[in-house]
Amino acid sequence: MKILKVYINKNIGQTTVLEVEVDDDITEDEADEIAKDEFFNECSYEWELLDGQKGENNGKTQS
């Protein structure tokens, strides 16, 4: 087994480091895919679309 270290850099100057056990024969493409999966597991976002008047939305929120 090998350890894949995934570094998630945040806008606030912090870095989260994750260690994932992987097979010895992992390819760079596979490592990249795992790193992306780990990144998306750590992050999320939301948004909403507002009408022209402040505070009124169309009832839809996406995340």
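**Close-up 1. A negative patch on the surface of the predicted model**. Eight named side chains make up this patch: Asp23, Asp24, Asp25, Glu28, Asp29, Glu30, Glu33 and Asp37. Among them, aspartate 23 sits in the loop between S2 and H1. Its relative accessibility is 49%, so aspartate 23 counts as partly exposed, the cut-off for exposed being over 50%.

**Close-up 2. A salt bridge within helix H1**. Aspartate 32 and lysine 36 are joined by a salt bridge, with 3.3 Å from N to O. Helix H1 covers residues 28–42 and holds both partners, which are four residues apart, or about one turn of the helix. Aspartate 32 is partly exposed because its relative accessibility is 38%. Lysine 36 is also partly exposed, its relative accessible area being 42%. Side chains of opposite charge can pair when their charged atoms come close.

**Close-up 3. A salt bridge between strands S1 and S2**. Here lysine 5 pairs with glutamate 19, and their closest N and O atoms are 3.8 Å apart. Lysine 5 belongs to strand S1 (residues 2–9) and glutamate 19 to strand S2 (residues 15–22), so this salt bridge ties together parts that are 14 residues apart in sequence. Lysine 5, at 40% relative accessibility, is partly exposed, whereas glutamate 19, at 53%, counts as exposed. The model has two salt bridges by the rule applied.

**Close-up 4. The antiparallel pairing of S1 and S2**. Strands S1 and S2 run antiparallel and are joined by eight bridges. Leucine 4 has valine 20 of S2 standing opposite. In the hairpin that these strands form, five residues lie between S1 and S2. Glycine 13 in this hairpin adopts a positive phi near 85°. In a regular strand the side chains alternate between the two faces of the sheet.

**Close-up 5. A nonpolar patch on the surface**. The patch is formed by Tyr45, Trp47 and Leu49, which together have about 380 Å² of accessible area. Tryptophan 47 is placed in strand S3, which covers residues 47–50. Tryptophan 47 counts as partly exposed because its relative accessibility is 43%. Residues enter a patch with over 30% relative accessible area, and the value of 43% for tryptophan 47 fits that cut-off.

Definitions and conventions
Residues numbered from 1 in each chain as written. Predicted model: local features only at pLDDT ≥ 70, side-chain atom pairs only at ≥ 80, totals over all residues. Heavy atoms only, no water. Patch = residues over 30% accessible without salt bridge, like charges linked within 9 Å, V, L, I, M, F, W, Y side chains within 5 Å. Areas by Shrake-Rupley, 256 points an atom, 1.4 Å probe, with all protein chains shown as cover. Salt bridge = Lys/Arg side-chain N within 4 Å of Asp/Glu carboxyl O. Helix = DSSP H or I, 4+ residues; strand = E, 2+ residues; numbered from the N terminus. Buried < 20%, exposed > 50% of the residue type's maximum accessible area, 1.4 Å probe, protein only. Pairing = 2+ DSSP bridges. Lys, Arg positive; Asp, Glu negative; His and termini not counted. Charge placed at Lys NZ, Arg CZ, Asp CG, Glu CD.
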